Amino acid sequence: MLVIAYIAFVILLFIGIVIGKQAWQSRLHGVVIINATFIEFQWTYFFPYFLALIAEWLQGPYLYKLYDDYGFVDPYIGIIYVCGYCSSILFGAYTGILIDNWGRKKVCILFTILYSLSCIANISKNFAVLCLGRIIGGASTGLLFSAFDAWYVYEHMQIHKFPYEWLEDTFSKATFFNSIIAISAGIFANLLTEWLDVGAVAPFLLAVPCLCASAILIQLTWSENFGTSTRGCKSCMDSLKVIFTTPGIFLIGSVQAMFESVMYIFVFLWTPVLQPADPPLGIVFSCFMCSIWIGGIIFTNLIKKDIQPTIIVLFVVYGVMLTNFLAALASANHPRTSFLLFLVTEILCGIYFPAMGSLRSKWLPPALHSDIMNLFRVPLNIIASAVLLILHDSHSPHGITQMFLLNSALLLCGGIFSVLLHFQYTNDEKKDEFQIE
């Protein structure tokens with residue numbers, strides 16, 4: 001398994017470099033690169049943001065193994081994971097209010113403090129402390145993927161008065177470097193944990209100085225800005241009304257709940273499934289990140305060929321349903337086959353996320369976008385939590401098979417919703433063409 005993982009990583013990295021060369025050039029050499037002031041401002045944002053991303057990705061490969069090394073069995077590990085999922089539900093609704101009213105710079109620094117505490121909690125072998133760490137981690141992760149972007153957009157538009165179109169250049173570069181960081185983080189985590197034999201807690205400890213450096217840069221180089229958030233019960237009710245009265249939005253939320261809950265379960269499952277073959281988990285994680293990166297490039301090429309995003313989502317959902325069904329047959333006794341199936345799953349995920357993002361940009365009203373997204377996360381967190389609590393005995397072949405079969409059933413439902421979503425998308429397109437005529 002060791003050799004297979006390294007060979008897979010080299011092949012996937014080579015494929016990503018070859019097919020993504022044109023995408024690299026367009027992202028890294030846009031027309032605005034000649035504006036020195038803009039480039040300097042971009043990197044003022046990038047340096048602390050990338051340090052925060054390093055801290056985030058370092059924790060991916062060895063989270064399950066850390067708890068396993070501490071001697072916890074799967075039912076308890078499942079509960080620790082669920083603490084993180086439930087935390088994101090409880091605190092996600094208040095993230096926007098906190099960011100806008102308390103100040104984006106302060107909240108970004110708050111993220112680094114909270115996430116550092118979450119990492120430090122992993123030093124303890126106490127079950128309650130580990131659960132608390134996951135709760136803090138779940139609450140703070142939402143800040144990473146909202147507060148930093150909110151700060152940048154305000155500074156870009158309101159303070160520096162750069163053109164709106166230049167936002168795409170920044171976020172394209174951020175997406176590109178995020179992929180590189182994720183792949184590299186798996187390698188560094190593997191180096192610390194397995195090559196240097198420091199232990200599974202090492203990546204979490206390395207994340208802390210990255211977060212401290214991020215906080216220092218934010219404090220020294222960023223100015224404060226605020227939003228005008230009026231979120232509350234009324235906006236929540238307005239969002240619910242939009243979801244249940246707009247078929248397209250309801251179907252997007254339904255597909256997302258089915259598909260992404262399966263991905264949350266997969267995050268828990270992949271380590272115990274592959275662990276019997278003793279793979280280098282950090283390299284396996286880097287393989288997964290390479291696969292997602294390749295999937296994103298494939299999506300870009302599909303869109304250039306005018307393939308509808310709903311068709312892409314439909315293909316992906318049923319494709320992942322098939323890989324989960326095959327994994328149910330293979331996972332108990334064939335970890336190498338499971339690994340190959342997981343790579344296919346990750347490539348399909350890399351196609352899914354930008355495709356779903358494209359559909360959300362078409363249907364979700366901008367004023368309620370973040371509120372609707374928070375509501376979408378509620379059912380997928382509930383589904384993932386319920387599955388982990390009920391079918392958490394993944395050390396037994398029977399438990400593994402059950403979880404993958406349940407994933408397949410969830411994706412079958414998601415596939416039905418995606419078919420309906422395609423018909424809804426097609427009908428809306430016809431209505432738009434009719435109105436133009």
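**View 1. Thr310, tucked away in helix H14.** In this predicted model, Thr310 has a relative accessibility of 0%, so it counts as buried. Thr310 is part of helix H14, which runs over residues 309-330. What does Thr310 touch, once we skip its neighbours within four places in sequence? Look for Leu359, Leu421, His422 and Tyr425, which are all in contact with Thr310.

**View 2. Asp306, out in the loop before H14.** Now slide along to the loop between H13 and helix H14, where you'll find Asp306. Is Asp306 buried or exposed? Asp306 counts as exposed, because its relative accessibility is 71%. Check the backbone here too: phi of Asp306 is near 60 degrees, which is a positive value in a residue other than glycine. That's worth a second glance, because most residues other than glycine have a negative phi.

**View 3. Asp197, another aspartate with a positive phi.** Asp197 sits in the loop that links H9 and H10. The helix ahead of it, H9, has 30 residues and stretches 42 Å from its first C-alpha to its last, close to the 44 Å expected at 1.5 Å a residue. After H9 comes Asp197, with its positive phi near 55 degrees. Asp197 has a relative accessible area of 63%, so this residue is exposed.

**View 4. Helix H1 and its two sides.** Helix H1 covers residues 2-19, which makes 18 residues. From first C-alpha to last, H1 reaches 26 Å, close to the 26 Å expected at 1.5 Å a residue. Which residues of H1 are buried? They are Ala5, Ala8, Phe9, Leu12 and Gly16. These buried residues span an arc of only 105 degrees around the axis, so they end up on the same side of H1. Here's the handy rule behind that kind of pattern: an α-helix has 3.6 residues a turn, so residues three or four places apart point the same way. Turn to the other side of H1 and you meet Val3, Val10 and Phe14, which are exposed. As for what the buried residues of H1 pack against, the partners are helix H9 (166-195), helix H13 (281-304) and helix H15 (335-363).

**View 5. H1 alongside H15.** Let's zoom in on one of those partners. Two packed helices are described by the angle between their axes and the distance between the axes. For H1 and H15, the angle is about 20 degrees and the axes are 12 Å apart. Angles under 35 degrees count as roughly parallel, and H1 and H15 are therefore roughly parallel to each other. Their crossing is right-handed. On the H1 side, Ile4, Ala5, Ala8 and Leu12 meet Arg336, Phe339 and Leu343 of H15.

**View 6. H3 and H10, a roughly antiparallel pair.** Helix H3 takes in residues 36-58, and helix H10 takes in residues 202-221. Their axes come within 8 Å and cross at roughly 160 degrees. Angles over 145 degrees count as roughly antiparallel, so that is how H3 runs relative to H10. The crossing of H3 and H10 is left-handed. Residues that H3 brings to the contact include Thr44, Phe47, Pro48 and Leu51, with Leu58 also among them. From H10, the contact residues include Pro203, Leu206, Cys210, Leu217 and Thr221.

How values were computed
Residues numbered from 1 in each chain as written. Predicted model: local features only at pLDDT ≥ 70, side-chain atom pairs only at ≥ 80, totals over all residues. Heavy atoms only, no water. Helix = DSSP H or I, 4+ residues; strand = E, 2+ residues; numbered from the N terminus. Expected span 1.5 Å × (residues − 1). Buried < 20%, exposed > 50% of the residue type's maximum accessible area, 1.4 Å probe, protein only. Arc of directions from axis to C-beta. Contact = heavy atoms within 4.5 Å. Axes fitted to C-alpha atoms, helices over the stretch in contact; angles between N-to-C directions. Parallel < 35°, antiparallel > 145°, perpendicular 65-115°, else oblique. Left-handed = near helix turned anticlockwise from the far one by under 90°.
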